[in-house]
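Visitor: I would like a close look at one part of this protein, namely its charged side chains. Could you walk me through them?

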Amino acid sequence: MQVEDTKKDFLIVGFGVVGLSLAKHLLDQNTSFDVIANLKPRASSVSGGLLNPVSLKRLKLAWNADLFHFYAVDFYSSFTQLLGQSYLQDKPIYRIFSSIEEQNLWFSQPESKPINKYLSSDLIDLAKVDNKFRSAKVIDSYLIRLRELISDFSNYLIGSSRFIQANFNYADLHLSDSCVKYNSRGYKHVIFADGYQVINNPFFNYLPIYGNKGEYLIVRCTDLSQDKIYKPSKFLIPLGQGLFKFGATYERDFTDDLPSASARLNLNKELEKFTTVDFEIVDQVSAIRPTSKDRLPISGQHPKHSSLFTLNAMGSRGIMSAPHLAKNLINSIKTNETIMDQVNVNRFTRKHFKSSPSLY
Ligand SMILES: Cc1cc2nc3c(=O)[nH]c(=O)nc-3n(C[C@H](O)[C@H](O)[C@H](O)COP(=O)(O)OP(=O)(O)OC[C@H]3O[C@@H](n4cnc5c(N)ncnc54)[C@H](O)[C@@H]3O)c2cc1C
């Protein structure tokens, strides 16, 4: 098989929020690349789309939130210029307190604490929902229209001959000292951005990445406001035209990635308790979050094959973390920038790579 004369710099495998972030940085840097992805609805397109720096359950800042959050806001805003529309929506999250203790915890955060700048100081009454302990707003939280962004950006890349819509076949990847060949094309580097599908990736399936299944109900509810995100125990996220997403669930023991009857029942019960108005379930969606053993993302080079890289394990915060980590990984390959210690793939090499001998 002949390799095309022109070798591109990068091949990105996968086009969830990680693949998309890698592609946008490479595009901005005028670096040559192709993306190959099957565009099946996985974690990114099923996700709630929340860009939220605060973990509301424990009232803590998410890991590296200050750095990642504002970088991500600029990153998603930058698509407006490229694609002609905005994918970042200013829809604040309203934390609905379930007890007076929860309410006190919110309002007793010391001024000096970094989380404080994200917590509004007004106590708010919301209509048509169970709000007896009232609520307060997360400042600077956004909703990203990620499914539409994935679709529009992939169409843009298809239009500029940088996107191959197909399954990536690992057996067709040929590694040599000078380059990597995939079918008839040559590349200098391959970055796998394959999310939970990494379990089928013979190069990186040694990594301790576990799935966590999440499900949402899609409900029609014309009596609730579409301009805010409600957060009692779960999120109620406006989708437009009277529709909302309600969820998500977290399930570590699962047998498949399909919507389940038990999640439907439990979510339905919770939503009935939360709102006094009528709603109708119109759909249910589910996907698997890729999470690591230490719950931090994983980024970097394959221990044996220097042209192969991974960026994965975004857990439940991929929308916030992926843009910055994608930039860091690309810069590490192009300019030797250091990969952030806590996320470096090499933290798993000694224990996991050696103990899983494989052809690769
Ligand atoms: C229900 C749910 C709700 C969530 N809500 C939020 C939220 O509100 N905010 C937030 O920040 N995070 C949220 N998350 C987490 C977030 O979705 C993930 O962290 C993130 O989407 C992971 O992105 P990824 O690109 O690594 O993986 P994925 O989104 O899974 O993308 C991987 C892509 O690679 C493709 N692919 C894989 N293997 C191959 C192959 N061999 N050939 C071709 N294509 C391939 C897949 O088809 C897929 O398109 C949620 C997750 C779930 C499940």
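Which residues form the positive surface patch?

Guide: Happy to take you there, and please keep in mind that this is a predicted model. The positive surface patch is made up of Lys57, Arg58, Lys60, Lys113, Arg252 and Arg295. Let us pause at Lys60, one of these residues. Lys60 belongs to strand β5, which covers residues 60-61. With a relative accessibility of 48%, Lys60 is classed as partly exposed, because the exposed class begins over 50%. Lys60 also clears the cut-off for joining a patch, since patch residues need over 30% relative accessible area and no salt bridge.

That last condition leads us to the charges that do pair up. Across the whole structure, a search finds 15 salt bridges. In one of them, the side chains of Lys8 and Asp34 meet with an N to O distance of 2.6 Å. This pair ties together distant parts of the chain: Lys8 sits in strand β1 (residues 8-13) and Asp34 in strand β2 (residues 33-37), 26 residues apart. The two partners differ in their cover: Lys8 is partly exposed at 23% relative accessible area, whereas Asp34 is buried at 1% relative accessibility. Arg185 comes in here too, as Lys8, Asp34 and Arg185 are linked in a network of salt bridges.

A second pair to find in your viewer is Glu102 with Arg95, whose closest N and O atoms are 3.4 Å apart. Here the acidic partner, Glu102, is partly exposed with a relative accessible area of 23%, while Arg95 is buried at 7%.

Then there is Arg347, which forms a salt bridge with Asp294, the closest N and O atoms being 2.6 Å apart. The two are 53 residues apart and link distant parts of the chain: Arg347 is in the loop between α8 (318-335) and α9 (349-353), and Asp294 in the loop between β18 (280-292) and β19 (298-301). Both count as partly exposed, Arg347 at 25% relative accessibility and Asp294 at 35%.

For some wider context, UniProt lists residues 187-329 as "domain: FAD dependent oxidoreductase", in an unreviewed entry. Over residues 187-329, the chain is 18% helix and 38% strand, and the end C-alpha atoms lie 17 Å apart.

Conventions. Residues numbered from 1 in each chain as written. Predicted model: local features only at pLDDT ≥ 70, side-chain atom pairs only at ≥ 80, totals over all residues. Heavy atoms only, no water. Patch = residues over 30% accessible without salt bridge, like charges linked within 9 Å, V, L, I, M, F, W, Y side chains within 5 Å. Areas by Shrake-Rupley, 256 points an atom, 1.4 Å probe, with all protein chains shown as cover. Salt bridge = Lys/Arg side-chain N within 4 Å of Asp/Glu carboxyl O. Lys, Arg positive; Asp, Glu negative; His and termini not counted. Charge placed at Lys NZ, Arg CZ, Asp CG, Glu CD. Helix = DSSP H or I, 4+ residues; strand = E, 2+ residues; numbered from the N terminus. Buried < 20%, exposed > 50% of the residue type's maximum accessible area, 1.4 Å probe, protein only. UniProt positions renumbered as here; feature names shortened; annotations may be inferred.
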